[in-house]
Amino acid sequence: MHPALAGIVTIIVGVGGCIGYFYFSNLFIDKILFPAKGPNISRNINRANMIRPWLFLFPALFALGLYLAYPVFATFWLSLTDRDAGGAFVGFDNYSQMMTEPKFWEAIRNNMLWLIVVPAMSTAFGLLAAQLTDRITWGNFAKSLIFMPMAISFVGASVIWKLIYDTRPEGQDQIGVLNAIWLYFGGEPQTWLTITPWNNFLLMLVLIWIQTGFAMVILSAALRGVPEDTVEAAIIDGANPFQIFFKIKIPQIMGTIVVVWTTITIVVLKVFDIVLAMTNGQWETQVLANYMYDKLFRAFDWGVGSASAMIIMLLVSPILVWNVYNARKEMR
Amino acid sequence: MAGLNLSSVKKAYGEVEVLHGIDLNIEEGEFIVFVGPSGCGKSTLLRMIAGLETITGGTLEIGGQMVNDVPPAQRGIAMVFQSYALYPHMTVYDNMAFGMRIARESKEEIHRRVSSAAEILQLTPYLDRLPKALSGGQRQRVAIGRAICRDPKVFLFDEPLSNLDAALRVATRIEIAKLKESMPETTMIYVTHDQVEAMTLADRIVVLSAGYIEQVGSPLELYRHPRNIFVAQFIGSPSMNIIPVNIETAGEETAIRFDDGHSATVPIGTPAHAAGSKAQFGVRPEDLRIAQNGAWLFEGEVSIVESLGEVTLLYVDGGNAEEPIIAKIPGIHDIKAGDTLRFDADPDVLHLFNEDGLAYQG
Amino acid sequence: MDRIVGQKSALLWAVHISVILLVLVWVFPTIGLFVSSFRTSDQISSSGWWSALSTQERSVPAIRVAGDERQDGNLYVVEGELFPDTEANVTAWGTSSRRPTEFQPGDTAELKDGWRLTVSATGTYRLTSPQSVEGERLPRIFSTAASPPEFTLGNYRNVLFSSTAAAGVGQAFINTLTVAIPATVIPILVAAFAAYALAWMQFPGRALLIAAIVGLLVVPLQLALIPLLQLHNAVGIGKGYLGVWLAHTGFGLPLAIYLLRNYMVGLPRDIIESAKVDGATDFEIFVKIVLPLSFPALASFAIFQFLWTWNDLLVALVFLGTDDDTLVLTGRLVNLLGSRGGDWEILATSAFVSIVVPLMVFFAMQKYLVRGLLAGSVKGG
């Protein structure tokens, strides 16, 4: 069967199956298991209502458990075993082996750099763009252009930026903008992506370019939510536009800034496509996610690969805990 | 310190003019209340005085100086906002100190002024709290305290009590009255749509409607001598009853005839040419009495009786008035819906307006 | 803000200019790709895309004089053309790599053995020699050619339909669609029922479940790769579309449930309660009231999921594999970057093919995208 056809069939089967499941399981508890009639009518209705939520939840919980919760534990187990030895338990050997690899430490170091630079720059640019575009009539148009890279895949963005970083030998016309500008100011053509440690920043630029739009959209909504009268009160108090921005508006949207920051942090921890497409971790640009991919699918070393995945999980955990804490606080 | 002078001040948003030339002179130390229905332009006028809205025509002077183009902070004003506008991320102390810190006052001066404002407003125990840890009334006092700290020449209030519940509103109103007493030289301008606040607080009330000033005067002046039907009905609660009449004879005293044919004489002077014209007769609910015997003004059938204890409100259909005539009679009465009653009033408290709604001055 | 007295208009100008600069910087990279995808490979590799509209000068690699010799009087002549296929003008030429611009068009170069070489401005050359050049090594011509700006749809034709050069970008496009659409549609219904239960039904453990879903939102899917691959192999799905669809469904569910629940919780309680009073069951309430009212949230999630599945590389690589007939666009692009890293006409065009669908979705449905982002992110703010 042609894959596209299979796709259509899958949609029909999937959607139809869902509707059928929900419909018939409802029918089943209402009409057969606990019919709302007869001597036990109120007891039956109560029981049906106790079961129904789980009926609604079951497919989702099953998929979540199988595709997200279970793998966390399975990966942890894998990280404690050795595939070549038939999956024997080896304790933390994989971790200690990983710790001896310079590539791992390079990935950790680069990831830390990414974790600082990308969220900071994306948030800063996003804040700047939000504040500026909110004050002009064509702001929405400008916003959607800055927001646009959001729709582009990391790989597509990597191609776009590789064209910018492209290098031609000396004497030929440069077709990469960066070298063209560099030459205009009297430099020699550079192969940018091989220059450590600056190549890391050139890779980060791609992600900043993508994430700024996200930060801008969220922060712009937050800025518009700042009560206008606190701004007016500050104007009467004599604050200038910069003081209003930094002393009145920013502190009031601090909660949103934290949310934006942490969201981008998670994206950064998972970033893999950009590095794979642009340098594949060469020239000291390795990051954890790509290191993990290397180990899992190139070296087929599932133990160390899983160990590095657990490191990513470990780095995400504080944000996970913080989000859950906030969500629970909000529900109360 | 500073009076204000507004001469033909206008405000337009593009083509739409919302204030049509306001002329007003405010003396130093006066407590002025702008009152009017929503959309009349009173808040816009206040914000123009504050500098939060540009003035599109005319001139505004504060303390004898033209300030049309002076930024808000340099006008010597302070403003208390309807929703308090406290900086939510700053403590009470920092809220009050913010303006002085911007102006680079010395630490000691800031401390001195914040402490004294906090003292006046009984906020001293709360200085380290964030606004969200305060009650509505306390937040309102912080907003006032922040204004006091600016040591303004002109104090602006934009409906400051409208977010408070009824009991707190009365208490805070009294506090504002006290505040005014303690700052006799400070001019205060206060916007409200609540006529009780206007009557109790103001030295003079400015009644606005649809971008025009309807009347300026002391509370009792407006109550006793409204210049037109709008002011007459706006001041006082329940509103003044308006009954259509015909003027039979004009002169120092005027004879009027109600639509049901009954005639009466009121001690209000009308010009000779008014004879034979239509007019509007006005009497306040609290001025109506049940006629004992002899002379009466009009009669009607009671449709609803509301006994409030101290007074009884009677809704009466009669006199061909558009709305039921309301009579507010002291005490408790044994009157039932369906009764027909005759009403009378003291001749001194009657009002007569011409067809355009302007008062004939008695 | 601009109505406030004393706000300087100069500042507003600065704002306008800064925004223009910011926007330019942000669209510049994408425009570069877009313009490049319409240029010929010669022009792409000889000049930056920003000069695409001006005449292109480039140094042409050496071309050896070749052609049949004929006799003209007592001279032997070889004639030919430097650029038989393209329209270009010679602005300078030479016969040695050290001096490639030694001669002007129309000049005659004196070479060894009495050879004389002339190159005209249109690129025709003429070599004359007093004796036959049969079997001799003929001279090379180094030239600088100027050609008018040239735009072409050929790259797209090449990339999408040709079976050779671009190696199946068209196929990859169809593969990507095949991955993205079912992976977008399937999670929606599953998530919607769960979201309704979490928003409007009372049962013990509800708060705990919501917290768990918030937690799962950030679990890196990197952790899921190997265990799930093992699982798929164990149950016989193996690598293939079904596996990708299931994986995307699983990974998309937390966001779907979270977004939809947040939206449904905000629906007016009165409507749902009055329907209950009227005797509607939860199933009817969900299908007839909540689902239609939740359309904006459903649309938001659908856009997210579509963009995410379309743009995804990792899940497709792992669960679909790297064979040519199943490779998705992102995977194809990565391969091209490796194998044809310098062929910008193919790279740029392929990349543009891969981003054009998400861009169209983005511009058409931006409203829902923004709404979804706000619903998904602004909390505790």
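This is a dialogue on reading a few features of a predicted model.

Trainee: How many salt bridges are there over all chains?

Mentor: A salt bridge here is a side-chain nitrogen of Lys or Arg within 4 Å of a carboxyl oxygen of Asp or Glu. By this rule, 19 salt bridges are counted over all chains. One of them joins the side chains of R204(B) and E30(B), at 2.5 Å from N to O.

Trainee: Which parts does the pair of R204(B) and E30(B) tie together?

Mentor: R204(B) belongs to strand β9 of chain B, while E30(B) sits in the loop between β2 and β3 of chain B, so the salt bridge ties together parts that are 174 residues apart in sequence.

Trainee: Are R204(B) and E30(B) buried or exposed?

Mentor: Buried means under 20% relative accessible area, exposed over 50%, and partly exposed in between. E30(B) has 10% relative accessibility, so E30(B) is buried. R204(B) has a relative accessible area of 23% and is therefore partly exposed.

Trainee: Where do K42(B) and E159(B) lie?

Mentor: These two also form a salt bridge, with the closest N and O atoms 3.9 Å apart. K42(B) is in helix α1 of chain B and E159(B) in the loop between β7 and α5 of chain B, 117 residues apart. Both K42(B) and E159(B) are buried.

Trainee: In what order do the five strands of the open sheet in chain B stand?

Mentor: The order is β15-β19-β16-β17-β18, with antiparallel pairing. β15 and β18 of chain B are at the edges; each has a single partner strand, so one side of each is left without a neighbour in the sheet. On average, neighbouring strands of this sheet are turned by 50 degrees against each other, direction ignored.

Trainee: Which strand pairs with β15(B), and over how many bridges?

Mentor: β15(B) pairs with β19 of chain B over three bridges, in the antiparallel sense. Within this pairing, L288(B) stands opposite A345(B). A salt bridge also involves β19: E299(B) and R342(B) meet at 2.9 Å, N to O. E299(B) is in strand β16 and R342(B) in strand β19 of chain B, 43 residues apart.

Trainee: Which residues form the nonpolar patch on the surface?

Mentor: The patch consists of L5(A), I8(A), V9(A), I12(A) and V13(A), with about 460 Å² of accessible area together. V13(A) lies in helix α1 of chain A. Its relative accessibility is 56%, so V13(A) counts as exposed.

Trainee: How many disulfides does a search of the whole structure find?

Mentor: The search finds zero disulfides over all chains. As for single cysteines, C40(B) is buried at 1% relative accessibility, and C149(B) is buried at 2%.

Notes:
Residues are numbered from 1 along each chain as its sequence is written. Chains are lettered from A and ligands numbered from 1 in the order in which they are written. This is a predicted model: local features need pLDDT of at least 70, side-chain atom pairs count only at pLDDT 80 or more; totals for chains, interfaces and linings use all residues. Side-chain values use heavy atoms; hydrogens and water are left out. A disulfide is a pair of cysteine sulfur atoms within 2.5 Å. Buried means under 20% relative accessible area, exposed over 50%, partly exposed in between (1.4 Å probe, protein chains only). Two strands pair if DSSP finds at least two bridges between them. Helices (H or I, at least four residues) and strands (E, at least two) are DSSP runs, numbered from the N terminus. Axes are lines fitted to C-alpha atoms, for helices over the stretch in contact, and angles run from 0 to 180 degrees between N-to-C directions. Patches are made of residues with over 30% relative accessible area and no salt bridge: like charges are joined within 9 Å, nonpolar side chains (Val, Leu, Ile, Met, Phe, Trp, Tyr) within 5 Å. Accessible areas come from the Shrake-Rupley method with a 1.4 Å probe; for residues, only the protein chains shown count as cover.
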